[in-house]
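Biologist: Please put the model up. I have questions about its ligand site, its sheets and its backbone.

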Amino acid sequence: MRSAKFETTKEFAAAQTARDPLLAFRERFHIPKMADGSDCTYLAGHSLGLQPKSARDYVVQELQEWARLGVEGHFQARNPWMPYHEFLTDPICRLVGALPIEVVAMNSLTVNLHLMMVSFYRPTAQRNKILIEANAFPSDQYAVKSQIQYHGYDPADSLIELKPRPGETWIRTEDIEELIDRDGEKIALVMLAGVNYYNGQTFDFQRITNAGHAKGCIVGFDLAHAAGNLPLKLHDWNIDFAVWCSYKYLNGGPGAIAGCFVHERHAQDSKLPRFTGWWGHDKISRFRMPQDFQAIPGAEGWQLSNPSILSAAALRASLEIFHEATMQRLRAKSELLTSYLEFLLDQDISKKFSIITPRDSANRGAQLSLRLTEKGREVCDALAKDGIICDWREPDILRVAPVPLYNTFSDVHTFADKFLAAMRR
Ligand SMILES: Cc1ncc(COP(=O)(O)O)c(C=O)c1O
């Protein structure tokens, strides 16, 4: 359906909701409730995804196995804990477009980003710069700056920050390409988001990776806002590494076990320096407790510790749902839902807010970021009173994400209706 066919009425939203082929998936999630017991309008899946109802069973099963078996659960549990993270491998591969040797569930996002930079940020006097968005998520900024300093360089010289052109709100791919073409020989690492957390823009993975590789740079992505939001082809795009968290679109729960991708071509490279731990050591000899480290080939070789089984269990529940829904169907619905939100917001001509996210579906995921010129906090508080959960980023950004697994056209309509009413007041 084209936006030209959208209509502003509540009845239209209800009819679209009723004919949504993915509607049944909403029933598989716990939707937070208002005081009167009715559903909140939850549009914050870009921040924390909702709990799949099945997550409880997956977690309780491992609690029961722990009670029943104690330490023997590592081998004798119905889903033995020793290889438990491997149960996540195939679902993750399908989500991010990777080979089994290329992915692993481990740690949390920023930890994985550091582990990747230990191996892939190898600055030299001639080539020591990192390219990142100026408005990258602060944790990424802190991580790259600390890596630069750790190697004895100064972020003031070694960090290149990408900004939109004056008067624009998102970064153009051709500007990134031009910068890499000009300065690429000094850039050690191109490290961008898949979807920027602030303005919701996506980056052109293929073009940026090609541009970086043409100049001999390593190219990595932070997929915190892309995993479970966009169909991804990390292997085919030839990206060197990627990291992501699992608590946003992946619905793995607060602080969920994160993900990491290392391209196959690095899998057997024993010369890559890395920080090591026993869980990355060869599985056959691990319990012979050898003194010398021998990496498992591929992404698993970057593991440090045995993972949290309870967290991995909750994530398994969610990934099963993704398997059923498929990323292709989710993305098709997501494009429609976000375009519908945009259409409803565009009905307002007050100019009291603007959409800073790209207008073209190809350049964004589920999220729209709205810049409010006045009364932002008040509007946000008014929405919260109406049971609408989205989020506020100081000083003036409201982020709203209709998530195709559990949001409906009616949710989008309710938000737009209440938001525009609050803006008019
Ligand atoms: C883009 C991005 N990078 C990094 C992080 C930090 O994640 P973690 O606390 O899991 O390391 C977040 C958290 O929201 C994020 O949105």
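The questions and answers below go through this predicted model.

Biologist: Which residue has a side-chain N or O atom 2.5 Å from an oxygen atom of the ligand?

Modeller: Start with the shell. Leu109, Thr110, Phe137, Asp140, Asp222, Ala224, His225, Tyr247 and Lys248 surround the ligand. In Tyr247, a side-chain N or O atom is 2.7 Å from a ligand oxygen. The 2.5 Å distance from a ligand oxygen belongs to the side chain of Thr110.

Biologist: Which side chain has an N or O atom 2.8 Å from a nitrogen atom of the ligand, and how much of the ligand's accessible area does the protein cover?

Modeller: The nitrogen atom is 2.8 Å from a side-chain N or O atom of Asp222. On its own, the ligand has 400 Å² of accessible area. The protein covers 82% of that.

Biologist: How many residues of the ligand shell are charged?

Modeller: The shell includes Asp140, Asp222 and Lys248. By class, there are 4 nonpolar and 2 polar residues. The charged residues number 3.

Biologist: Which strands are the edges of the 7-stranded sheet?

Modeller: This sheet is open, and its pairing is mixed. The strand order is β2-β8-β7-β6-β5-β3-β4. An edge strand pairs on one side only; here these are β2 (103–105) and β4 (159–162).

Biologist: What is the average twist of that sheet, and which residue is the bridge partner of Val103 in β8?

Modeller: From one strand to the next, the twist averages 15 degrees. Strand β8 (residues 259–262) runs antiparallel to β2, joined by 3 bridges. Val103 has as its bridge partner Phe261.

Biologist: Which strands does helix α9 lie across?

Modeller: Take helix α4 (residues 89–96) beforehand. Helix α4 lies across β2 and β7 (241–244), at about 120 degrees to β2. Helix α9 (residues 205–214) runs at about 150 degrees to β6. The strands under α9 are β5 (187–193) and β6 (218–222).

Biologist: What is the average twist in the sheet of 4 strands?

Modeller: The order is β9-β10-β13-β12, open and antiparallel. Its edges are β9 (353–355) and β12 (391–393). From strand to strand, the twist averages 30 degrees.

Biologist: Which residue of β10 stands opposite Phe353, and which helices pack on this sheet?

Modeller: Strands β9 and β10 (residues 368–372) are antiparallel, with 3 bridges between them. Opposite Phe353 is Leu372. Helix α12 (residues 327–346) touches β9, β10 and β13 (397–400), at about 20 degrees to β10. Also packing on the sheet, at about 165 degrees to β12, is α13.

Biologist: How far apart in space are Ala382 and Lys418?

Modeller: Ala382 sits in helix α13 (residues 376–385). Leaving out residues up to four places away in sequence, Ala382 touches Ala422 and Arg425. Ala382 and Lys418 are 36 residues apart in sequence. Their C-alpha to C-alpha distance is 8.5 Å.

Biologist: Where is the proline that follows a cis peptide bond from Glu394?

Modeller: Most peptide bonds are trans. The bond from Glu394 to Pro395 is cis, with omega near 0 degrees. Pro395 lies in the loop between β12 and β13.

Biologist: What is the phi of Asn107?

Modeller: Most residues other than glycine have a negative phi. Asn107 is placed in the loop between β2 and α5 (109–120). Although not a glycine, Asn107 has a positive phi of about 50 degrees.

Conventions:
Residues are numbered from 1 along each chain as its sequence is written. This is a predicted model: local features need pLDDT of at least 70, side-chain atom pairs count only at pLDDT 80 or more; totals for chains, interfaces and linings use all residues. Side-chain values use heavy atoms; hydrogens and water are left out. A residue is near a molecule or strand if one of its heavy atoms lies within 4 Å of it. A polar contact is a pair of N or O atoms within 3.5 Å; within protein, one must be able to donate a hydrogen and the other to accept it, and residues adjacent in sequence count only if both atoms are side-chain atoms. Accessible areas come from the Shrake-Rupley method with a 1.4 Å probe; for residues, only the protein chains shown count as cover. Ala, Val, Leu, Ile, Met, Phe, Trp, Tyr, Cys and Pro count as nonpolar, Asp, Glu, Lys and Arg as charged, and the others, Gly among them, as polar. Helices (H or I, at least four residues) and strands (E, at least two) are DSSP runs, numbered from the N terminus. Contact means heavy atoms within 4.5 Å. Two strands pair if DSSP finds at least two bridges between them. Axes are lines fitted to C-alpha atoms, for helices over the stretch in contact, and angles run from 0 to 180 degrees between N-to-C directions.
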